[in-house]
Amino acid sequence: MKKFLNMLYWFAILQIIGLSIFEAGHRYATAVRGYNAFGGELVFLFLPFFVYLIKNVFWDPELIRILKEDKDKENEEKEKQKNA
């Protein structure tokens, strides 16, 4: 339950930040454009979703382990080529 509440807390904070950035961006874009329309500022409404994706994809321990193994193999191959 505590994990869920923590996730909900971060989602709410990120959503508030995203809405604030969206609102500021929309006001600025409307002033620059001279008319009311939506553009790239809509991306900030999805800020919690993007943070969730980045967190779960790039901070995955299994993925990090695989990438480290690949890098170690690459380094070993480079050393063998230098020594040959």
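A residue counts as partly exposed when its relative accessible area falls between the buried limit, under 20%, and the exposed limit, over 50%. By that rule I17, with a relative accessibility of 39%, is partly exposed. This residue belongs to helix α1, and the C-alpha atom of I17 is 8.4 Å from that of F44, although 27 residues separate the two along the chain. I17 makes a handy starting point for a tour of this structure, which is a predicted model.

It helps to begin with how far the prediction can be trusted. The mean pLDDT of the chain is 85, and 99% of the residues reach a score of at least 70. Among the elements, α1 has the highest mean pLDDT, 89, while helix α3, residues 61–83, has the lowest, 81. As a general caution, predicted coordinates should not be read in detail where pLDDT is low.

The overall architecture is easy to follow. The chain holds 3 helices and 0 strands, and read from the N terminus the order of elements is α-α-α. The chain has a radius of gyration of 22 Å, whereas a compact globule of 84 residues would have one near 12 Å. Along the principal axes, the C-alpha trace spans about 65 × 40 × 10 Å. Of the 84 residues in the chain, 8% are buried.

A second landmark is N36, which sits in the loop between α1 and α2. N36 has a relative accessible area of 58%, and because the exposed class begins over 50%, this residue is exposed. The C-alpha atoms of N36 and E69 lie 51 Å apart, with these positions 33 residues apart along the chain. For I17 and F44, the corresponding C-alpha separation is 8.4 Å at 27 residues apart along the chain.

Aromatic side chains come next. The chain has 3 aromatic pairs. One of them joins Y9 and W10, whose ring centres are 5.5 Å apart; the ring planes meet at 75 degrees, so this pair is edge-to-face, a class that calls for an angle over 60. Y9 is partly exposed, with 48% relative accessibility, and W10 is likewise partly exposed, at 47%. Another of the pairs is formed by F49 and F50, with ring centres 6.1 Å apart and planes at 55 degrees, so the arrangement is tilted. Here too both partners are partly exposed: F49 has a relative accessible area of 48%, and F50 has 34%.

Finally, the surface can be searched for hollows. Rolling a probe the size of a water molecule over the atoms shows where empty space is left. The largest pocket encloses about 450 Å³ of space. Its lining consists of 13 residues, and those nearest the centre are M7, W10, F11, Y52 and K55. Two elements each contribute two or more residues to this lining, namely α1, residues 2–33, and α2, residues 47–58. Helix α1 gives the most, with 7 residues. Sorted by class, the lining of the largest pocket comprises 9 nonpolar, 2 polar and 2 charged residues. W10 therefore appears twice in this account, as a partner of Y9 in an edge-to-face pair and as one of the residues nearest the centre of the largest pocket.

Conventions:
Residues numbered from 1 in each chain as written. Predicted model: local features only at pLDDT ≥ 70, side-chain atom pairs only at ≥ 80, totals over all residues. Heavy atoms only, no water. 1 Å grid on protein atoms, 1.4 Å probe; cavity = no way out; pocket = protein on both sides within 12 Å on 5 of 7 lines; lining within 4 Å. Points joined across faces, edges and corners; volume = space filled by probe spheres on them. Helix = DSSP H or I, 4+ residues; strand = E, 2+ residues; numbered from the N terminus. Nonpolar A, V, L, I, M, F, W, Y, C, P; charged D, E, K, R; others polar. pLDDT = per-residue confidence, 0-100. Phe/Tyr/Trp six-rings, centres within 6.5 Å; stacked < 30°, edge-to-face > 60°. Buried < 20%, exposed > 50% of the residue type's maximum accessible area, 1.4 Å probe, protein only. Rg over C-alpha atoms; globule rule 2.2 N^0.38 Å.
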